[in-house]
Amino acid sequence: MKAELQAIQAEALAALKSVETPAALESLRITYFGRRGKLTDVMKGMGNLSKEARPEIGKLANEVRSTLTQAFEAATEALHHQQQEQQLAAESVDITLPGRKPAYGKAHPIMQTLERIEAIFRQMGFEVVTGPDVETEYYNFDALNTPADHPARDLHDTFYLTDGHLLRTHNSPVQIRAMENQKPPVRIIVPGKCYRVDYDVSHTPMFHQVEGLLVDTRVTFSDLKGVLTSFARQMFGDQTQMRFRPHFFPFTEPSAEMDISCAVCEGKGCRSCGGTGWVEILGAGAVDPAVFEAVNYDPDEVTGFAFGIGVERIANLQFRIPDMRTLYENDLRFLRQF
Amino acid sequence: MNVTLNWLKNYIDFELSPSELADRLTMLGIEVESVKELGAELKGIVVGSVTAIQPHPNADKLVLCQVDVGETEELQIVCGAPNVREGMRAPVATIGATLPIGLTIKRAKLRGETSQGMLCSEKELGLSEDAAGLMELSPDTPLGTSLSEALGLDDIVFELEITPNRPDCLSLIGVAREIRAETGNALKLPPVDLKEDETDIQKTTSVTIEAPDLCPRYAARVIRGVKVGQSPAWLQQRLESVGVGVINNIVDITNFVLMEYGQPLHAFDYHKLAENRIVVRRAVENENITTLDEVERDLAPDMLVIADAEKPVALAGIMGGYDSEITETTADVLLESAYFNPSSIRATAKTLGISTEASYRFERGADPGAVLAALDRATQLIAELAGGSICKGVVDVYPGEQPLHQIQFRPERVNFILGTAIEATEMAEILSDLGFEVKADGTENYQVTVPTFRSDLTREIDLIEEIARVYGYDNIPTTLPKGDIPVPAPNPSTEVRKRIKHFLLAAGMMEAINYSFCDPNCFDKIRFAAEHPLRDVLKLQNPLSPEMSVLRTTLLPNLLENAQHNRNHQIDTIALFEIGSVFIRNGAEKEPERVTGILAGQVGDGVYSNPYREPDFYDIKGLVEGILEVCGIVDYTLEKTDAPTFHPGRNAAVLSSNKQIGIFGEAHPEVLENYDLPYKAYLFDFDMEALVDAAIFTKRFEPIPVYPKVERDLAIVVDKEVLSDMPTGLIYATGGELVESVRLFDVYEGEQVPEGKKSLAYAITYHSATETLTDKAVNALHNKVVKHLNQELGAELRM
């Protein structure tokens, strides 16, 4: 019986080696472990053994069963593994076929820029407010210290409506509206559209500005420099040089324009900066006392500064669009680029 | 305005290089827009003398010239000019020079003979149109000097942007004053020493000002026996270097002094003035004048004119009259120097549509204090350059003389406004260098007297700006505001706009921005009836074009045009939206914001894994459902409308609380045709404010189901007219809380169902929050649902 057990083990182990399919493995398992299996038969015959032989043969039988069980498990595992390998190999895909990309849209390039500007000023505590595009002479000019016969009106080629209103030429009227509606401190930015009669490669009749206003009891011109320097650093990067130049706006005094170093030539002077190495990015200044008087703020009590950022100009420092009119054609080949 | 380096140096000494000067002026607020070297185009062109001429052995029309250009070796140059002759001096383009016409000179052989340069005509040098022969230079022109130097062209031109508040800088002396403030160097004003004759001017003319409000000052001199002719070269060069045209010596002198002092002058032909006298008055009804540009102009009674005893002879401060202008036959000149009211000049110039160097300065504010200095300077130049005798004295009528502006100036206030710590004495020095009189008033403050040339300065803040710009903006510290940060009011519309935009972008829609203007014809294209309220548009008085002549009342035409534009450029995957204002006339809210979108052509990206397909009604509806979902709008109903832009059977209004908040659907076939779209287009159009009103952002936690759900499918056959949401509603109503969701997964009409019927297949999910539903319970409920569907809608189970 001992020899019989050893023969079964050797035979089964040899048979396992040549098994290639799960079905063959299963039939082999039945051959040995089934109800009439070879090993089962031997185990059944244990009862006929003498008392003396039983422990030795029983031990051997258990060993053989254990060895074979393990061998069958290993074979099952190996077969499964082999099969999975085959399946995975068969499932290989052409990774160069195009992906099923979900459709996604893009914000208009001007809105992308506008949103970045907004985010920077929000972080500095500025609240976003808006105002109407259709304005009165009063808000667009008079209240901003620009009376009807002021030559500064020539700087703005204004669209007038037949009913006597006009399209705002800048977002500054919202300064007046905001101050009329609230007491200081005021810390706002005004994103939005404005309009001037101008249509060529560098001008569109409608464009976007972000106007800013900060009014409080102790606001200085140096604060204006600080806030706008911080803006420029965040917008254009730490390497950017900037300078403030005296300028003129009827509603600010002192007034300034801010230049940043030309990114194209790194300040050396090139065609895109007109050889100066500088690119103008915004106008600003301390709020003129006449403006405070127009909104019944006491210029002896409060000071402030205002600024106006041309969004198209800022956008184009990055995008370098040769013809600004392209911005508002909404050509999808254009919009996709940004 | 243009100024040149050499010309500026006549009025002040300074050691700044051109680029330094440009930088300093810019940082003073006089932006230098460009710096140009005048003779730059004439590099390599030198003065040469033709020493010998021989015939060209191989060409009849050419000669061989020996040319001395001041070097040891003479040059041999082949020349074909008819006026070439021995001994003449002419410009020589040497080897390597590039002519303004673009030709680069090389050593060459012309018909076999070497030519080491080129003798040039004026045209070849870009100096004039004269191509008849070589440019003749005077025999004393030094050989070998550069032509630009010989012609006085070696100067630097600065193009300045003068802001409207600084009319004083519209002159060489004005710019020199700024350089004085920067350098502290003294001004050098032109010396004037008039040699007057014995005739008292009072006997030759008189000036009457009948409108002193519009003409505060009028001065005149009379110069007799002048000879009108060409100006000397230096004067022509000066004017040409700054872009002023040359006319005749008298007019050129007035222009020269205009550039010097910023004071416009006008010279009249004395004998063309009736009674030889001047009356400054308003025009009268039906009066007119022919101005120098030979245009006859109707005058209105609010316009100021310079008249003689009978008629207007000039538009005051704007343009002279044609009849009294200086001509070759003029012998005696009445020279005007005046100060006019800026608003009046501005209004008249604007009404008549004229802008001249004179009106530009007067309307910004000339210097009443410069009237006599400029008059005398011009008078002297006329006497020197055109001959003539100066009548004794000057007529100076000055009814509008004002005391100089006195401003109290507090150094402490300056430092407060600027955030600086500038010493009071430094401030006083800056103001003095600007030409202001500064007096200590016994306290720490100053009394500042503003000179007449700075009429823009009337307040302390104006002086503060002067301190800031001369002290240097760069020297002002950079600080951050110290005050409290105001707390912004919550703004739900910002949130709604943001959510909608994010959703639409994520859904593949591209953001468009269109002009606020539109074409009034667009309303026909979108089939608005004649009486449609949105045809009531705001019109522009001065539109750029008829297509941009009214303000838009709807975004639909803009987006349809965008689709058309893209279609015309062979882009057919059209998915665009815009968030923007429209402009409603007489509305309570005038500029409502809309969110509007278009889907047309194809969706998908056309690749193997994501093929193109045509969008349909349910694509646009899906976008609308998404918009409503991100706004938290759950309670809404849909209703078909007769909106003219839409397909009558394929559109729906979205109603929330019985108020229409938007509309969507397929564009009407006629609309498609009007925009040349060869395929269907789907539109949505929402009112932003209505969306904001309906939006709900509050969210509450709902327990996540713990008991298993049971899903049952149900296919029913109903009449075709039954809308799909009727069974849905009934299922919810019947099942109550136990129905978690109802999902319509199939709609079928066709052979498998009877005529006039359709099949709807729903997946119903049953679920209880408190127990595991048994099969028995679900079956009972499901059967109840089937029964109700049958009773209410006549629905038959489809097997």
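1. A definition to start with: two strands pair if DSSP finds at least two bridges between them. With that in hand, turn to chain B of this predicted model, where 5 strands form an open sheet in the order 12-15-18-19-20. The pairing in this sheet is mixed. Its edges are strand 12 (207-209) and strand 20 (319-320) of chain B, each of which pairs on one side only.

2. Inside that sheet, have a look at strand 15 (residues 278-282) and strand 18 (residues 304-307) of chain B, which run antiparallel and are joined by 4 bridges. If you would like a pair of residues to centre your view on, B:Arg281 has B:Val305 of strand 18 of chain B as its bridge partner.

3. Just ahead of strand 15 there is a backbone detail to check. B:Asn276 sits in the loop between strand 14 (265-269) and strand 15 of chain B, and its phi is near 55°, a positive value in a residue other than glycine. Is B:Asn276 buried or exposed? The count is 17 C-beta neighbours inside 10 Å, so B:Asn276 is classed as partly exposed.

4. B:Arg111 deserves a similar glance. This residue is not a glycine, yet it has a positive phi of about 50°. It belongs to the loop between strand 7 (108-110) and strand 8 (113-115) of chain B. B:Arg111 has 11 other C-beta atoms within 10 Å and is therefore exposed. As background for both loops, most residues other than glycine have a negative phi.

5. Now for chain B as a whole. The chain has 21 helices and 39 strands. Its C-alpha trace spans about 130 × 90 × 60 Å along the principal axes. The radius of gyration of chain B is 42 Å, whereas a compact globule of 799 residues would have one near 28 Å. Of its 799 residues, 41% count as buried. Among contacts in chain B with a separation of 6 or more, 69% involve residues 24 or more positions apart.

6. Chain A can be described along the same lines. Its secondary structure comes to 11 helices and 9 strands. Along the principal axes, the C-alpha atoms of chain A fill a box of roughly 130 × 45 × 45 Å. Its radius of gyration is 42 Å, against a value near 20 Å for a compact globule of 338 residues. Buried residues make up 39% of the 338 in chain A. For contacts with a separation of 6 or more in chain A, 66% are between residues 24 or more positions apart.

7. How do helix 1 and helix 4 of chain A pack? Helix 1 (residues 2-17) and helix 4 (residues 53-90) of chain A meet at an angle of about 5°, and their axes are 10 Å apart. Angles under 35 degrees count as roughly parallel, so that is the description for helix 1 and helix 4 of chain A. Helix 1 of chain A contributes residues including A:Leu5, A:Ile8 and A:Leu16, and among those from helix 4 of chain A are A:Leu60, A:Val64 and A:Phe72. By class, the residues of this contact are 13 nonpolar, 2 polar and 1 charged.

8. Strand 9 (residues 303-310) of chain A is a good place to pause, as 7 of its 8 residues are buried. Strand 9 of chain A pairs with strand 5 (residues 206-216) of chain A in the antiparallel sense over 8 bridges; here A:Gly212 has A:Phe307 as its bridge partner. Strand 8 (residues 278-287) of chain A also runs antiparallel to strand 9 of chain A, and 5 bridges join them. In that pairing, A:Leu282 stands opposite A:Ile309.

9. Please also inspect two cis peptide bonds in chain A. One joins A:Pro184 and A:Pro185, with omega about 5°; A:Pro185 lies in the loop between helix 7 (173-181) and strand 4 (186-195) of chain A. Another joins A:Glu253 and A:Pro254, with omega about -5°, and A:Pro254 is found in strand 7 (residues 252-261) of chain A. For context, most peptide bonds are trans.

10. Lastly, the contact between the chains. It takes 73 residues from chain B and 69 residues from chain A. On the side of chain B that touches chain A, helix 13 (residues 460-471) of chain B gives the most, with 6 residues. That side of chain B divides into 35 nonpolar, 23 polar and 15 charged residues.

How values were computed. Residues are numbered from 1 along each chain as its sequence is written. Chains are lettered from A and ligands numbered from 1 in the order in which they are written. This is a predicted model: local features need pLDDT of at least 70, side-chain atom pairs count only at pLDDT 80 or more; totals for chains, interfaces and linings use all residues. Two residues are in contact if their C-beta atoms, placed from the backbone, lie within 7 Å. Helices (H or I, at least four residues) and strands (E, at least two) are DSSP runs, numbered from the N terminus. Ala, Val, Leu, Ile, Met, Phe, Trp, Tyr, Cys and Pro count as nonpolar, Asp, Glu, Lys and Arg as charged, and the others, Gly among them, as polar. The radius of gyration is taken over C-alpha atoms; the globule rule is 2.2 Å times the number of residues to the power 0.38. A residue is buried if 20 or more other C-beta atoms lie within 10 Å of its own, exposed if 12 or fewer, and partly exposed in between; C-beta atoms are placed from the backbone. Axes are lines fitted to C-alpha atoms, for helices over the stretch in contact, and angles run from 0 to 180 degrees between N-to-C directions. Angles under 35 degrees count as roughly parallel, over 145 as roughly antiparallel, 65 to 115 as roughly perpendicular and the rest as oblique.
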